Amino acid sequence: MNMPLKIQKSAGRGKAMLEHPRLVCIETTNYCNAKCNFCPNEVLERGKKTMSDDLYEKIIDDCTRFPLREIEPFMNGEPFMDKQIIPRMELIRRRLPNTKLRLYTNANIMFPDKIDQLIGLGIDHLFVSLNTTDPDEYERVMKIPLQRTLDNLQYLTDPVRKHKVANKITFRMARHKTMPLAEQDDFLEFCKDHKVRPFIVGMFNYKGFIETPLPVPNYPCANITRLDILSNGKVTLCCMDQDGEYELGDVSTHSVLEVHNAARAREYREFHRTGRRTEIEPCDVCNVCSPSLSHMPPLKTMRFALESRHYFMKHKPRGRKAPLAAPMEAPIAS
Ligand code: SF4
Ligand code: SF4
């Protein structure tokens with residue numbers, strides 16, 4: 001049965017006052033070739049699925065009906081496990097020429113022939129989840145061979161093609177709380193050698209699913225202004241709600257804008273924007289800390305901007321950071 005959605009209407013002039021998502025993420029597949037020990041992909045309760053072409057095209061069509069800033073054909077899965085990922089990105093470029101297209105991949109099966117097909121597609125930002133350059137650690141964390149990823153990255157970052165594949169390329173490291181500084185420095189050096197942007201980010205707790213040391217902030221979460229669509233068409237609260245336990249609607253029966261403006265999604269935004277994030281499940285236990293500072297009165301925006309700046313300075317969720325439990329140093333010889 002379709003979930004009834006109550007859509008917000010305007011207070012005046014008879015026109016609907018609909019809020020647009022700034023970002024739409026489409027999980028074209030939730031199959032993944034890796035098994036990262038910090039990712040819930042392996043334990044998804046909803047099973048594995050690649051999105052149908054009809055549903056994908058319907059979503060893109062919905063997205064042409066409002067000014068969408070950013071789109072990511074990716075969520076809980078590896079995009080190159082979807083055999084249609086290239087034509088799907090071509091469709092985005094044709095139908096949404098002014099929307100920034102971002103892709104995340106572990107690059108392990110992004111072989112040279114696939115990289116060649118990305119050339120000229122108009123990808124704005126390609127993120128590679130590399131996590132570490134230590135072969136043993138890589139295989140322990142991701143359960144895939146590092147050398148194959150490195151071969152693909154060597155091909156990707158060759159100066160003859162790098163800028164033709166994407167305007168920007170970032171290699172990403174998910175930093176666990178005991179990661180040694182030497183490992184983080186090796187990663188930074190690797191990025192420098194390959195002339196790509198590095199991005200180190202601490203782990204988040206998937207609404208309490210894994211243990212991380214970051215506290216739960218109280219300012220609005222950046223994820224309330226995006227729309228995350230699972231491969232079955234259900235709209236999940238956010239990318240941290242991996243099984244859609246807190247479902248906002250279904251884009252196979254409603255439009256993207258309808259779901260984003262339905263009562264449930266508006267309720268979440270309202271709780272966050274009135275400083276009550278910790279009063280609503282599952283945000284009350286989730287430590288995702290990028291702030292959302294839009295759609296609020298100026299004083300509130302200023303207050304949350306200060307709070308989020310203080311949080312970032314105090315807890316350093318991004319960047320190189322000393323491990324919590326540093327390995328014991330060898331005693332100094334006297
Ligand atoms: S590569 Fe990405 S989707 Fe796949 S298991 Fe790792 S973190 Fe999850
Ligand atoms: S606080 Fe966490 S659970 Fe809530 S919307 Fe943000 S990322 Fe999702």
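**Around ligand 1, helix α5 and A174**

Ligand 1 is surrounded by C32, A34, K35, C36, C39, N41, N76, G77, E78, N106, S129 and M142, where a residue counts if its C-beta atom, placed from the backbone, lies within 6 Å of the ligand. This is a predicted model, so local features need pLDDT of at least 70 and side-chain atom pairs pLDDT 80 or more, while totals for chains, interfaces and linings use all residues. Residues are numbered from 1 along each chain as its sequence is written, with chains lettered from A and ligands numbered from 1 in the order in which they are written. The shell around ligand 1 splits into 5 nonpolar, 5 polar and 2 charged residues; Cys counts as nonpolar and Gly as polar here.

Next comes helix α5, residues 146-156 (helices are DSSP runs of H or I, at least four residues; strands are runs of E, at least two). Its buried residues are T149, N152, L153 and L156 (buried means 20 or more other C-beta atoms within 10 Å, exposed 12 or fewer). Viewed down the axis, these buried residues fall within an arc of 100 degrees, so they line one face of α5; the arc is taken from the directions from the helix axis to the C-beta atoms. An α-helix has 3.6 residues a turn, so residues three or four places apart point the same way. On the face turned away sit the exposed Q147 and Q154. The buried side packs against α3 (112-118), β4 (123-129) and α6 (162-165).

Finally, A174 belongs to strand β5, residues 166-175. A174 is buried because 20 other C-beta atoms lie within 10 Å. Leaving out residues up to four places away in sequence, A174 touches F38, N131, V201 and M203 (contact means C-beta atoms within 7 Å).

Notes
Two residues are in contact if their C-beta atoms, placed from the backbone, lie within 7 Å.
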